[in-house]
Amino acid sequence: MTVFIDRRDFLRKAALGAGGGALAGALPAWALPGSAGLAQGLPVLSGEDITLRIARTTMRIDGRTMRAVAVNGTVPAPLIRLREGQKVRLHVINELGEESSIHWHGLLLPFHMDGVPGVSFPGIAPRSSFTYEFPIVQAGTYWYHSHSGFQEQEGLYGPIVIDPAGADPVLSDREHVIVLSDHSPLSGQAIFAKLKQQPGYFNQQRQALDGLLAGKDQATGDRRAWGAMRMDPTDIADVTGSTYRYLVNGQGPQDNWTALFRPGERVRLRIINASAMTTFNLRIPGLPMTVVQADGLNVRPVEVDEFQFGPAETYDVVVTPGEDRAYTLVGESIDRSGMARATLAPRAGMTAAVPPLRRRPVATMKDMGMGGMDHGAMSAMDHGTMNHGAMPGMTRGNADSGGMDHSMRDFSNAPGVKKGPGVQTISPMPVDRTGEPGQGLGDVGHRVLTYRDLIALDPNPDVRAPSRQLEIHLTGNMERYMWAFDGEKLSEVTAPIAFRAGERVRVTLVNDTMMGHPIHLHGHFFELVTGHGAHSPRKHTVLVQPGGKVSWDVTANEGDWAFHCHMLYHMAAGMMQVVQVRGDGDAA
């Protein structure tokens, strides 16, 4: 049973003497979690020796029993609470009948402890164990998950909180860890098989005749042109609320996980997107959020009303609910097919209104990689005049679809991309979209976080200019459910991406698809090129918007590191490679 202690109560009792001493014996002061939600809180593990046991189980979501993979019997897995400067040994026992693994997402550690089978270690064989051992050299909010098969989808994920060795610049009276995820009654293998057979299988929000007659979504000309290109502008998410239940700390929307507060308190929410496939739009109606940390690293406080974040990203926010009432925390899926829901309340049993799902977004020409067009040309394209020669590669003699197809698959725009059936489109004019709020959030009428809003609190440790540049295209064929980097899926790659230890490289990711991709580089933080110089935000995962591009600078850490899209089924389909970093005296 987890011991949950309110921070103000703890400090008050500590000041009184005996009471504080008794409470302090339960957990070290730095390992104290925030106050409990009404649902049973996650178990908390801390210290230098921690045992994690992986096994199959069942879990109940909104009254329905579903299969799961658990750690120590819980989904999410226990909260691991550590302190910067300590060492930790994590003894992982695999009781499954298949290989397993755990990757410590965002932690800087020796590469052979990173936990990726076939890249950094052999994996944990069925009914065997492995001990991870490494120093803790950072602080912040992180998480851990399986890197084997589809176990992450089925429940093998959990939060990590690392308290700083010194004073925490983020002041709060209490905190809650909020783990968002997605879960399905279908196995991961079954979901992947359906996507390979029929990529739009889970999309139940396609455009229909009644919508056209009602003047919703695309006009007739646009629909005809998109259809000729065999592109679906409603294909915003591969796996949707038609099969997913969206969870907060393992609880469904009807379960209504609840976190408590006292009016006037500064409450820190450590929010982790631990989903397999869901980009969430997170907001708390009526309660502004001050973002204080991104991907575990402190940023200058910025107040927003909503933010979009992809799988594997984390944000810490501080909220100060001043009223004696409940608030609804909404984690709406990007395609608006469902939501994760929780409640912040001063007392048990209180609830707040749950807003209805907003209208799902429809992809635009900008999402197709035409963001470089001037406003007049873009407007003409958006209004159905897509065959008037406004696009590069098109001529007035072309038919609608023929000219469009030629422009959308012009490999001269991406000479490093391998030609093949896995590349459906090449973005003709991709643009940097780091100053935009994210797909579907451009007109919500309130403040939405952008990457350019993030400014590192402390100067970056390496401010050297990059010595070389590398461009990588995110490619796919949504009709065949094929995903890759530069048109080559992992099974086709013959050599790793080679870096020299300590070198500075500017990497530009170009999204040639109409779907966002959260791209993660293991073992590194990279600085987003967003105009903030030495205070550029440092991240381990970046969501590259459809038809957009993102540049970041990185200092290479020696080892073999996985580099992949954190959409689980995109990675499984091939959007993954290995970054190999060697010293000057080593052969790559």
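This report describes a predicted model of a single chain, from its overall make-up to selected strands, loops and residues.

## Overall make-up

The chain has 588 residues, of which 59% are buried. Its secondary structure consists of eight helices and 32 strands. Among contacts with a separation of 6 or more, 75% are between residues 24 or more positions apart.

## Confidence

The average pLDDT of the chain is 86, and 81% of the residues score at least 70. Residues 1–36 have a pLDDT below 50, and this stretch has 67 contacts in the model beyond near neighbours in sequence. A further stretch, residues 374–403, also stays under 50 in pLDDT. For residues 374–403 the model has 45 contacts beyond four places in sequence.

## Strand 8 and its partners

Strand 8 covers residues 140–145, and six of its six residues are buried. In a regular strand, side chains alternate between the two faces of the sheet. Both faces of strand 8 are covered: G140, Y142 and Y144 are buried on one side, and T141, W143 and H145 are buried on the other.

Strand 8 is paired with strand 6 (residues 103–105) through three bridges, and the two run antiparallel. Within this pairing, H105 has W143 as its bridge partner in strand 8. Strand 8 is also joined to strand 9 (residues 157–163), by six bridges and again in antiparallel fashion. Here the bridge partner of W143 is P159 in strand 9. W143 therefore has a bridge partner in strand 6, H105, and another in strand 9, P159.

## Nonpolar cores

In soluble globular proteins, nonpolar side chains tend to be buried together. The largest nonpolar core of this model has 116 residues, and W104 and W552 touch the most other members. Leaving aside neighbours within four places in sequence, the contacts of W104 include L52, I80, L90, L109, M113 and D114. W104 also contacts Y132, F134 and I160, as well as W143 and Y144, two of the buried residues of strand 8.

Apart from the largest core lies another, of 17 residues. Its members include V75, V161, I272 and A312.

## H147 and its surroundings

H147 lies in the loop between strand 8 and strand 9. Is H147 buried or exposed? Its relative accessible area is 11%, under the 20% cut-off, so H147 counts as buried.

The side chain of H147 makes polar contacts with two other histidine side chains: that of H522 at 3.4 Å and that of H564 at 3.3 Å. Not counting residues up to four places away in sequence, H147 touches S101, H103, G115, V116, P117 and M571, in addition to H522 and H564.

## Helix 3

Helix 3 spans residues 188–197, and its buried residues are G188, I191, F192 and L195. These residues lie on the same side of helix 3, because they cover an arc of only 95° around the axis. The buried residues of helix 3 pack against helix 8 (568–573).

## V550 in strand 30

V550 is part of strand 30 (residues 548–555). With 4% relative accessibility, V550 counts as buried. Beyond four places in sequence, V550 is in contact with T434, V507, T508, L509, L528, V542 and V544. The C-alpha atoms of V550 and V529 are 7.7 Å apart, with the two positions 21 residues apart in sequence numbering.

## Loops and backbone details

G85 is in the loop between strand 4 (79–83) and strand 5 (87–94). The relative accessible area of G85 is 63%, over the 50% cut-off, so G85 is exposed. G85 and P135 are 50 residues apart along the chain, and their C-alpha atoms are separated by 6.8 Å.

The peptide bond between V75 and P76 is cis, with omega about -5°. P76 lies in the loop between strand 3 (64–71) and strand 4.

D62 is not a glycine, yet it has a positive phi of about 50°. D62 is in the loop between strand 2 (49–61) and strand 3. R336, which is not a glycine either, has a positive phi of about 60°. R336 is in the loop between strand 19 (327–333) and strand 20 (339–345). Which description fits R336, buried or exposed? R336 counts as buried, at 5% relative accessibility.

How values were computed. Residues are numbered from 1 along each chain as its sequence is written. This is a predicted model: local features need pLDDT of at least 70, side-chain atom pairs count only at pLDDT 80 or more; totals for chains, interfaces and linings use all residues. Side-chain values use heavy atoms; hydrogens and water are left out. Buried means under 20% relative accessible area, exposed over 50%, partly exposed in between (1.4 Å probe, protein chains only). Helices (H or I, at least four residues) and strands (E, at least two) are DSSP runs, numbered from the N terminus. pLDDT is the predictor's confidence in each residue, from 0 to 100. Contact means heavy atoms within 4.5 Å. A nonpolar core is a set of buried Ala, Val, Leu, Ile, Met, Phe, Trp, Tyr and Cys residues joined through side-chain atoms within 4.5 Å. A polar contact is a pair of N or O atoms within 3.5 Å; within protein, one must be able to donate a hydrogen and the other to accept it, and residues adjacent in sequence count only if both atoms are side-chain atoms. The arc is that of the directions from the helix axis to the C-beta atoms.
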